[in-house]
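Reader: Please show me the model, and let us go through it by question and answer.

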Amino acid sequence: MKIKDIGEFGLIERIHAKAGRSSYPVVIGIGDDASVLDVGPRNQIVTTTDMLVEGVHFLRDSIEPFDLGFKSHAVNLSDIAAMGAAPAQSFLSFGLPPDMEVETIDTFMDGFMEVGEGVPLSGGDTVSSPHGWIISVTVIGTSPAGRVLRRDSGVPGETIWLCGPVGDSAAGLSILLGQTTKVDEQGAQFLIKSHNRPLPQVRMGRILLEAGISNCAIDVSDGLLQDLGHICKRSKLGAELELESIPLSSPIKELASANGLDPYRWALRGGEDYSLLFTVKPENEKKLLRVLEKEEIAAVPIGRTVPGKGVRVFRDGSEVETGPDGGFDHFRERP
Ligand code: ADP
Ligand code: MG
């Protein structure tokens with residue numbers, strides 16, 4: 001059997017089966033946005049790692065090194081945000097082609113440090129790579145002992161909230177790949193920036209945890225349907241989304257209409273926005289609204305959790321057919 005036959009998530013399940021169950025002091029092992037380690041009565045350690053490979057995640061000539069540095073740190077900080085943790089230190093490992101200009105790395109580092117909000121780079125590794133640039137980042141964070149936002153903590157009857165955009169990054173990528181014709185330069189730059197410099201929702205994640213507003217969150221890295229599907233699967237519940245509640249930016253609407261496309265396709269399936277998706281019990285909604293106003297954070301309710309399984313999407317009260325959840329999978333053949 002080939003890896004492409006089972007896909008990325010099938011492969012991770014096989015690895016997970018070999019890894020066995022996590023046991024104390026590992027509170028969360030494989031399967032969430034980050035792992036959680038019990039280190040004593042006050043805090044726990046939250047760790048995540050992600051890799052970017054030239055030719056898979058980026059093309060060296062079509063992304064500025066600054067943006068690449070920014071994005072490779074941002075995607076890891078986003079997983080820390082999805083746990084409600086505070087980032088504490090980062091590690092950066094490179095596989096580098098020897099003929100690369102050193103200035104490229106200087107600029108990469110400027111972008112890497114810009115998004116970190118002061119998180120110190122505390123180590124890493126540097127090796128040569130004959131077949132392109134490989135970037136591996138690890139971020140370690142902390143959260144109060146026994147408390148973290150988990151993918152498996154959702155319960156039926158909660159409202160599903162979204163903090164941050166969805167679809168803009170995929171729309172920006174479609175411009176970069178020449179799949180869509182841009183309408184205006186400003187809108188195009190906005191969408192491309194969403195793709196190249198996604199903003200991890202670290203502050204929102206921490207607030208949700210510290211104020212006890214939510215127990216359950218994921219960051220939208222692979223597409224809204226797929227990532228909400230992860231919450232449903234892990235929490236053993238279903239979800240209903242109202243399409244018209246999902247906020248769309250003006251540039252995505254304009255690009256879609258100019259190209260005869262449905263912007264919700266990007267919003268539901270596009271990845272790499274790194275928004276935060278979380279669930280809130282009815283009794284915590286007032287507190288959430290107060291916090292959003294006070295902290296000037298934009299988040300919107302987009303649906304609800306229900307008993308059952310799978311994600312159903314409604315438009316003006318009628319269910320729409322979405323097909324398989326179809327977000328990004330590294331090994332599945334693209335149609
Ligand atoms: P995310 O999109 O949040 O980075 P992934 O979908 O990449 O999460 O990974 C899902 C889970 O599988 C995570 O807990 C991750 O740590 C784990 N995982 C992925 N690849 C491996 C691997 N090679 N070995 C062990 N765990 C892995
Ligand atoms: Mg994640």
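Reader: At what angle do the axes of helix H5 and helix H8 cross?
Author: This is a predicted model, in which local features need pLDDT of at least 70, side-chain atom pairs count only at pLDDT 80 or more, and totals for chains, interfaces and linings use all residues. Residues are numbered from 1 along each chain as its sequence is written, chains are lettered from A and ligands numbered from 1 in the order written, and side-chain values use heavy atoms, without hydrogens and water. The axes of H5 (residues 185-196) and H8 (residues 250-258) come within 9 Å and cross at roughly 110°.

Reader: How is H5 oriented to H8?
Author: Angles run from 0 to 180 degrees between N-to-C directions, and axes are lines fitted to C-alpha atoms, for helices over the stretch in contact. From 65 to 115 degrees counts as roughly perpendicular. That crossing therefore makes H5, relative to H8, roughly perpendicular.

Reader: Which residues make the contact?
Author: Contact means heavy atoms within 4.5 Å. H5 supplies Gly187, Phe190 and Leu191. H8 supplies Pro251, Ile252 and Leu255.

Reader: How many residues of each class are in the contact of H5 with H8?
Author: Ala, Val, Leu, Ile, Met, Phe, Trp, Tyr, Cys and Pro count as nonpolar, Asp, Glu, Lys and Arg as charged, and the others, Gly among them, as polar. By these classes the contact has no charged residues, 1 polar and 5 nonpolar.

Reader: Which protein donors does the magnesium ion (ligand 2) have?
Author: Donors are N, O and S atoms within 2.8 Å of the metal (3.2 Å for Na, K and Ca); water is not among the atoms, so sites may look incomplete. The protein donors lie 2.0 to 2.1 Å from the ion. They are Asp33 (OD), Asp79 (OD) and Asp219 (OD).

Reader: How many residues apart in sequence are the parts that aspartate 33 and aspartate 219 tie together?
Author: Helices (H or I, at least four residues) and strands (E, at least two) are DSSP runs, numbered from the N terminus. Aspartate 33 lies in the loop between strand E1 (26-28) and strand E2 (35-38), and aspartate 219 in strand E8 (residues 216-220), so the pair ties together parts that are apart by 186 residues.

Reader: Is aspartate 219 buried or exposed?
Author: Buried means under 20% relative accessible area, exposed over 50%, partly exposed in between (1.4 Å probe, protein chains only). Aspartate 219 has 1% relative accessibility, so it counts as buried.

Reader: Is aspartate 316 buried or exposed?
Author: Aspartate 316 lies in the loop between strand E12 (310-315) and strand E13 (318-320). Its relative accessibility is 65%, so aspartate 316 counts as exposed.

Methods:
Parallel < 35°, antiparallel > 145°, perpendicular 65-115°, else oblique.
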